[in-house]
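Work through these exercises with the model in view. Each task is followed by its solution.

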Amino acid sequence: MPSDRDSRGPPELMSSQADGVTGDLVRLMPRDLVFVMRFMGESQYRLQSHFQDFIRAELAAGGVTTETHPMIHLFIENHAILLRDFVFSGVSLSRQFRVDEIERLTGDTTSMIRVDIWDQLKSHIETAEKQFHSQAGTLPKLLSAFEKPPGQMSGSEK
């Protein structure tokens with residue numbers, strides 16, 4: 001469904017759009033931005049290995065082994081990753097901190113965290129827009145998959 005923005009004519013310059021949306025996101029930061037824990041590196045490997053061993057043992061107890069199912073290692077690895085991500089996501093979601101709490105904890109009385117986030121948001125928004133722009137030549141081919149099939153009546157013609 002087209003939005004009001006679709007009918008405004010040519011798009012604004014990317015930098016002014018990025019400034020506007022960046023400002024909106026920073027304004028919403030106290031309510032919408034949360035910091036979460038993220039397990040990295042060896043912790044991810046260790047939990048994934050645990051689940052691989054767990055799944056392998058459970059499957060073997062049911063008679064499924066690499067001898068009976070030579071490609072089972074792909075199933076085991078994929079499911080171990082899913083279980084690892086489930087565990088880490090659950091823990092991360094239960095331990096969230098708001099930007100004001102992080103500022104208080106770090107002693108950031110000048111709101112430098114917010115300034116840094118502003119800069120990063122604006123830069124990443126502009127990069128995403130430039131990337132989309134650089135691929136604009138391929139859009140007609142990609143969008144053709146969304147066209148109405150020839151001869152099909154639209155909702156207003158029925």
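Axes are lines fitted to C-alpha atoms, for helices over the stretch in contact, and angles run from 0 to 180 degrees between N-to-C directions. This is a predicted model, where local features need pLDDT of at least 70, side-chain atom pairs count only at pLDDT 80 or more, and totals for chains, interfaces and linings use all residues. Residues are numbered from 1 along each chain as its sequence is written, and side-chain values use heavy atoms, with hydrogens and water left out.

**Exercise 1.** Find how H2 and H3 pack.

Solution. Locate helix H3 at residues 72-94 and helix H2 at residues 41-61; helices are DSSP runs of H or I, at least four residues, numbered from the N terminus. Their axes lie 8 Å apart, at about 130°. That makes H2 oblique to H3 (not under 35 degrees, over 145, or 65 to 115). Next, list the contacts (heavy atoms within 4.5 Å). Phe51 and Leu47 are among the H2 residues that meet H3, where Phe75 and Val87 are among the partners. The residues of this contact divide into 12 nonpolar, 5 polar and 3 charged.

**Exercise 2.** Find what joins Lys122 to Asp19.

Solution. Their side chains form a salt bridge, 3.2 Å from N to O. The term means a side-chain nitrogen of Lys or Arg within 4 Å of a carboxyl oxygen of Asp or Glu. Lys122 sits in helix H5 (residues 112-134) and Asp19 in helix H1 (residues 14-32), so the pair ties together parts 103 residues apart in sequence. The structure holds 6 salt bridges.

Methods: Helices (H or I, at least four residues) and strands (E, at least two) are DSSP runs, numbered from the N terminus. Ala, Val, Leu, Ile, Met, Phe, Trp, Tyr, Cys and Pro count as nonpolar, Asp, Glu, Lys and Arg as charged, and the others, Gly among them, as polar.
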